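Reader: I should like to request a close look at a single part of this model. Please set that part in the context of the chain around it.

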Amino acid sequence: MSEQFDEVDKLRDELLQNLPPLVNSLAHYGDQDVLQRIEKVMLEVVVRLSKEETPVLVLQNRSSWANVIFDRNIGLLMKPNVCVTTLRSDCPSSARRFALILKVMSTVYKLIQSDSYATKRDIYYNDPQLYGSQQLVDSVVDDISCMLQVPRRSLHVLATSKGFISGDLCYLEEDGTRVDCISNSTAVSVSSNVSGIKNIVSSAKFVLVVEKDATFQRLLDDNFTTKLFPCIIITGKGVPDVNSRLMVRKLWDTLHIPTFALVDADPHGIEIMCIYKYGSVSMAFEAQSLAVPSLLWLGLLPSDIQRLKVPEKALISLTQTDERKLNSLRNRPYVTCQPAWEKEMEILRNCGWKAEIQALESVAPNFLTTVYLPNKLRYGGWI
């Protein structure tokens, strides 16, 4: 069994030798600093009103690729001078969002003053008729975080986690609660306050980031964390929430062990992997605490479909939407610098098929946990 992790251990040595300069990925801005930034915004609004001028808010555009740059050691970063959107309080198309931003900033101000915390869900249900949707609240909170240039956790606003984690990992929550993730059949919810986690203890050889909850549960059912002990597995259940991404980054910062991605061999799965590795355009202002550039693609590789002779009945034809997404991915800066990834995407485009991880079951029962993953880890089958 000692040979099982030889290649993983070699990889860790390589990663440690090539660590980029230390970045304080979980930097926390002091409460007084955040309060002063809010007060500055509010004061500008009041001053404009006193001069009988229209109050405005200037927001960075968080949806444009033109506003981000790519750093291989960090991920997608927001440019210093970005295109902005001006919200005018007297404009019908922006007045409502203007008002909601001031409303949420007022809530944040009170939370910080009272040294208390609230979830985005708490904020929404405080006045659901006003906000209209949880999604709008989420977007407004992120706009405020970006506008004030502070991490969202410094706003005393927490997000409800949807991810799960299991394996050789113990830690303390900020309130002193001890969390033990070692279990054969159950998983622990990812903390809603990852920055508050401390005293992390683990002898894990690697972290496996799993795209989908169904695959994650299958790994638990097959006792994967016992068979390949010691390791840690985590899932954001599809497109990952911020807490899941923060947790993966926290594990890397603390343990400095190889981090692998297990995603479907399709454009959607590849994009999710890219979010973990390099971040997203909308959250580029927090890239240093969310992205894990050292993450590697373990599977399912498009070349694996051919190599393992996955039966055609288990495959799915690429749709036009898939092809558009694939073309978009291949033009992104973090893919053009990964020749091995480009080759896999070319295989995917040429074959015209995509495959979910579950397709491996058509090769043989329990193939994923008894053959595929153990061999990948033993022989270094990642890119």
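In which helix is the place of Tyr125?

Author: The model is a predicted one, and the description below should be read accordingly. Tyr125 has its place in helix 4, which comprises residues 120-126. The UniProt record, an unreviewed entry, puts the feature "active site" at Tyr125.

The surroundings may be introduced through the domains. The domain assignment divides the chain into domain 1, covering 31-158, and domain 2, covering 161-379. To their contact, domain 1 contributes 20 residues and domain 2 contributes 24 residues. The C-alpha centres of domain 1 and domain 2 are 31 Å apart.

The size of an interface is often expressed as the accessible area that is lost when the parts come together. Between domain 1 and domain 2, about 2000 Å² is buried, and 65% of this area is on carbon and sulfur atoms. The rule identifies one salt bridge across the interface of domain 1 and domain 2. A salt bridge joins the side chains of Arg153 and Glu286, with an N to O distance of 3.1 Å.

Some strand pairings complete the picture. Strand 2 (residues 68-71) and strand 3 (residues 75-78) are antiparallel and are paired over four bridges. Within this pair, Ile69 has Leu77 of strand 3 as its bridge partner. Three residues lie between strand 2 and strand 3, and the two strands form a hairpin.

Further along the chain, three strands make up an open sheet with antiparallel pairing, in the order 9-8-11. Its edge strands are strand 9 (178-180) and strand 11 (198-201), each of which pairs on one side only. From one strand to the next, the twist averages 10°. Strand 8, residues 170-172, runs antiparallel to strand 11 and is joined to strand 11 by two bridges. Leu172 finds its bridge partner in Lys198 of strand 11.

The unreviewed UniProt entry also supplies a domain annotation, "Topoisomerase 6 subunit A/Spo11 TOPRIM", for residues 206-377. Over residues 206-377, helix accounts for 51% of the chain and strand for 12%. The end C-alpha atoms of this stretch are 10 Å apart.

To return to the part requested: Tyr125 belongs to helix 4, and its "active site" label comes from the unreviewed UniProt entry.

Definitions and conventions:
Residues numbered from 1 in each chain as written. Predicted model: local features only at pLDDT ≥ 70, side-chain atom pairs only at ≥ 80, totals over all residues. Heavy atoms only, no water. Pairing = 2+ DSSP bridges. Axes fitted to C-alpha atoms, helices over the stretch in contact; angles between N-to-C directions. UniProt positions renumbered as here; feature names shortened; annotations may be inferred. Domains from an automatic or database assignment. Contact = heavy atoms within 4.5 Å. Buried area = accessible area lost by both parts, 1.4 Å probe. Salt bridge = Lys/Arg side-chain N within 4 Å of Asp/Glu carboxyl O.
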